Amino acid sequence: MSTERSGQKGDILLDMRNIVIDGYSDDRWHEIVKGVDVTLKRGEIMGLIGESGAGKSTLGLAAMGFARPGCRLTSGTIMFDGIDLMKTSEEDKRALRGSRIAYVAQSAAASFNPAHTLLAQTVEATVRRSIKTEDEAKADARKLYRDLQLPNPDLIGDRYPHQVSGGQLQRVMTAMAMSPRPDLIIFDEPTTALDVTTQVEVLASMRKIVEQFNTAAIYITHDLAVVAQMADVIKVLRYGETIEDADTRSMLSHPEKEYTKSLWSVRSIEKPEEVSNDIVLRVDHVDASYTGSAKVLDDVSIDVPRGQTVAIVGESGSGKSTAARAITGLLPPSKGQILFNGKPLPPTLKERSVDQLQKIQMIYQMADTAMNPRHTVRDIIGRPLEFYLGLRGAERDRRLMELVEMIELNESFIDRLPAELSGGQKQRICIARALAAGPELIICDEVTSALDQIVQKGILELLLRLQKELGLTYIFITHDIATVKAISDQIVVMLEGRVVEQGMKSEILEPPYPDYTKLLLSSVPEMDPDWLTGLLKERAAEGASGV
Amino acid sequence: MNPEDDMNPSTAAELADQGYSAADEVGMIKARRTTLENVWRGLKTAPPTAIFGLIVITTYVFFALFAPLLAPFGEAEIFPMSYAPWSDEFMFGTDQLGRDVLSRLIYGARNTVGIAFVTTLFAFVIGGGLGITAAINNNSWLDNLLSRSVDVLMAIPSLIFALILLSMFGANTLNLIIIIAVLDSTRVFRIARAVSLNVVVMDYVEAAKLRGEKLFWILYREILPNIMPPLVAEFGLRFCFVFLTIAALSFLGVGIQPPTADWGSMVRETAGLIQFAEYDFTAAMTPMLPAAAIALLTVAVNFVVDWFLHKSSGLKD
Amino acid sequence: MHPVIRTILQRLGLGLVTLFVVSLILFSSIEFLPGDFGQAVLGQAALPETVEAFRNELGLNLPVHERYFNWLGGILTGDMGNSFSGRGSSGGADRSRPVIELLAPRLANTLFLASMAAIISVPLALFLGITAALYRNTIYDRTVNALTLTTISFPEFFVAYLLILGLSSFTKIFPSLANISPDAAFWERVYLTALPALTLTLVIVAHMMRMTRAAIINLMASPYIEMAELKGASKSEIILRHALPNAWAPIVTVIAFNLAYLVVGVVVVEVVFVYPGVGQLMVDAVTTRDVPVVQGCAMIFAATYILLNLFADVISIITNPRLLHPR
């Protein structure tokens, strides 16, 4: 029992004023957080949202008085329950961490010590501060595991981190944070790495337990729909500054600032679907597996009509990326074939002609790793022009400029290296690289998943425009239903290497749904604060009635 | 930004009205500097050990290149007094056959350092080329064959293996270069393969393969530019190792053969003088001079490589 | 079968295969000798019959595979043939001795020297390496780093001669020649072996310390160490509870690797101090191209090296939690 805790719900627990945090890179200090205020009451949950680089993680750690190596807390006050963390000694701060303020990291797998059991690590901080005895703490931990709906709550603690799945580890980490009954928990992007269907369960567990113990929390994420389910108040950060603060319902219904409004905007695009019968690519009953092991593609058949976008949806392990590898020739099918414009494609890359290679192009998810960091834009877009079309010199440069303009950039970009481009610009260069070959079919493998919301919108707009102007066909692989709604004509749903459902967008996204599609679609968080509660009620009712 | 803007912009033009355009996105712009500027910046922040190292290396290279101009006498020129004491004529005296020690020291720079450098280069071409190729064809029969062979070759300590091979094929300079280069290429293979594997999994290498690029293009233009820093550092370390191994073998008598002036052999030839240390200090120093020459260069290279590794790993201290 | 046992057996198998391949390489060293080596060993005046008898003794007229298995069988039972030196020439008596007779006492000496060096260097290097990693970038760390960097750059004979000059020639503390006779008393042995052991220690400590430091720094950068800090663990708790259980594998690997390196370092040191060990025997044999002796010494060195690496492998396997507690 924490004897230091006093105060009622509604009292101010955390009051951070004018926080400035610097980071060290390129031989000097830069400001990462530029004078931000944070006020949190007891039992209140604050959602801290912003894009990558906004400074959310750094700010969250600062609430514990902690700065990572390479960062420093330059100025401001951090009042935690009357104690100024900027002025306390390292030893006193250490006494607070793990007992009154707890942290749940983004990557559970990396944050657990591989040499100790989960139970030992869960109760470590509690026992150290003598908040409970070891036996009490362990019994309490098992109860927490049960509350968090972990399988085998009495025995799971005796396992080691690598023996347990990602979603389960995230919940154990939540139990670990809860064990000392802290006043404040900082959740740092805890569900970002999880599948949509796992995410629902973890979110529900987290919310339940935080409410149960009246713990205050800061929930850091870049996903607005998720934060809408969890938070009482929301703070929007951008480039280290506060853009807007409001309670959840107000912010969702009337956001004030432009930037906040723009964060919602992707969900507004919707492509009108088209029908076509001219099939440019046919995947015909394909099986595939990696040397000797189980099948990763099982009797997969997909038809891709010309000039349209077929979205392949599924979670990790569904086989959607593997299907792309089979189409490009990196993974030859063990059964079945792939037909391009009616003619079968040689199964392996080596056997294909340059012409065949040219017609099917691929764009990758992470533009950072899709471009050689030592090549300039000129090299990157210019190489396919040289290799496929044999263009050189002035002719090549002319075509290069055309492509650059097509992707809405200008000639100042041509001699830049990838490190000198933003995320969206990099992806645009990758698009230009694919266009340079003069393809008929482009496979987009999660191309917007790693981008921030507003940038995603720009890229999707661009892709749609290019499709109309150039008559391109797209296979769009994604796990994000909103993106699917935005740009597809047809949808293919995959699960564990099989095609579960296939058809026009309007058919698939309307009920009645087959089981998995239903699960997948319903697990996508909506911008409605009551969504999660509603969903849980619905599922409980279904469970009870045996549906 | 116009505060009365539409809530749902839907075209690029409208977005641009709002002040958004792709070209205006703020990227992680780092001021791009030329190589020369980078080198100068690097030198200004270098620790004293690295500066010391660079000066020493430059001096050695200078002596190696201009040996015939700098040495007072010939490499194998024999004078009628062996073990002559240090004097004005023979700055460091003469060795057991009557050859001027100073001249042999200077020529030794050319021979010992030169041979070590050539051997390292050789090891790098073989080991590096095979290592990168193995990484590109990761898990193929070629990769497995090369990796297992390297494992076996590395299971025998280099010095011992070199001794065995030299006893088999005879100890002369050419054999020495080939044997050491082949043995050392195994280490280069390991590291080239390891760093290349990090690069090979990048999507841009897959993109190159999908384009239909040939092995050589992928090796030379996609992978090599991205693995230079660790390879350059490894070159320095390998040079030290090769240099010390050749010196050790020469010291043991199975390395570079006389009359070629070589620091390792020089130590062996004049080692007997050490026992006179208490009586004639400078005589005892005669074998220490080539030994110190070896030590000094290795220390210098190690300091420079250490600093280079520190810089390129970007440690936030 | 438990994955740990399976992995260990795999490693053992690999070790045996490596030894086998090494033996093949050594065996073939006879094949490459120039044709008239029989003449060279026995001397110019040897009669053709003597040379022929010599060749027969070596089994050179038998088919290759028979020869190999004879040789391998011999090695395993301790019969490595006779040394080439002392072979009677032109009618003189054959005074060549069995290789095993030459090797055995020298092996004992080399092991003694190596053990002395190991006993001092391992604890010292671990202490220096761990403390340098924990007090990273302090004056202490920087000094230790610069010193060890210097030491590993020195050729062993340089270190040896420096020690001789410092501790023997001018100060007469230790003798510069290690003339160990087989019936020397224990402490006398220690006294005579002190300088060579010290030389080896200096070289090994430098290598081991640097590798330990790098391993610990690497470990301390793991995310779970940061997590422990965020849970309020003190520095000593982090080191003892969180870092150490994960540190055994890298540390033991470092130790085994460097002990294997001892095997190599010993050669030069024995030559400088004229220490009667296997290293010096091998160098002499190489110079005179006394092939059976070279083969015998090389097998010993290779086997030791392989065994030590195997040991390191096994330790890092049994301390790996992922293998100890499989899914």
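## A helix, a leucine and a chain contact

A:Leu519 sits in helix α20 of chain A, which covers residues 515-522. Bear in mind that this is a predicted model. Is A:Leu519 buried or exposed? It lands in between: with 16 C-beta neighbours inside 10 Å, A:Leu519 counts as partly exposed. Its link to A:Val196 spans a long stretch of chain, since the two are 323 residues apart in sequence, yet their C-alpha atoms are 9.5 Å apart in space.

Now for helix α6 of chain A, residues 166-178. At 1.5 Å a residue, its 13 residues should span 18 Å, and the end C-alpha atoms are indeed 18 Å apart, so the two agree. Because 12 of those 13 residues are buried, α6(A) is largely enclosed by the rest of the structure. Among the buried ones are A:Gly167, A:Arg171, A:Met173 and A:Met178. What do they pack against? The buried residues of α6(A) pack against these elements of chain A:

| Element of chain A | Residues |
|---|---|
| β6 | 101-104 |
| α3 | 108-111 |
| α4 | 118-128 |
| α5 | 134-147 |
| β7 | 184-188 |
| α7 | 196-212 |

Then there's the contact between chains A and C, which takes 22 residues from chain A and 14 residues from chain C. On the chain A side, α2 (90-96), α3 and α4 each supply at least two residues, and α4(A) gives the most, with three residues. By type, the chain A residues that touch chain C divide into 11 nonpolar, seven polar and four charged. So α4 of chain A turns up twice: α6(A) packs against it, and it contributes to the side that touches chain C.

Methods. Residues numbered from 1 in each chain as written. Chains lettered and ligands numbered in written order. Predicted model: local features only at pLDDT ≥ 70, side-chain atom pairs only at ≥ 80, totals over all residues. Helix = DSSP H or I, 4+ residues; strand = E, 2+ residues; numbered from the N terminus. Expected span 1.5 Å × (residues − 1). Buried ≥ 20, exposed ≤ 12 C-beta atoms within 10 Å, placed from the backbone. Contact = placed C-beta atoms within 7 Å. Nonpolar A, V, L, I, M, F, W, Y, C, P; charged D, E, K, R; others polar.
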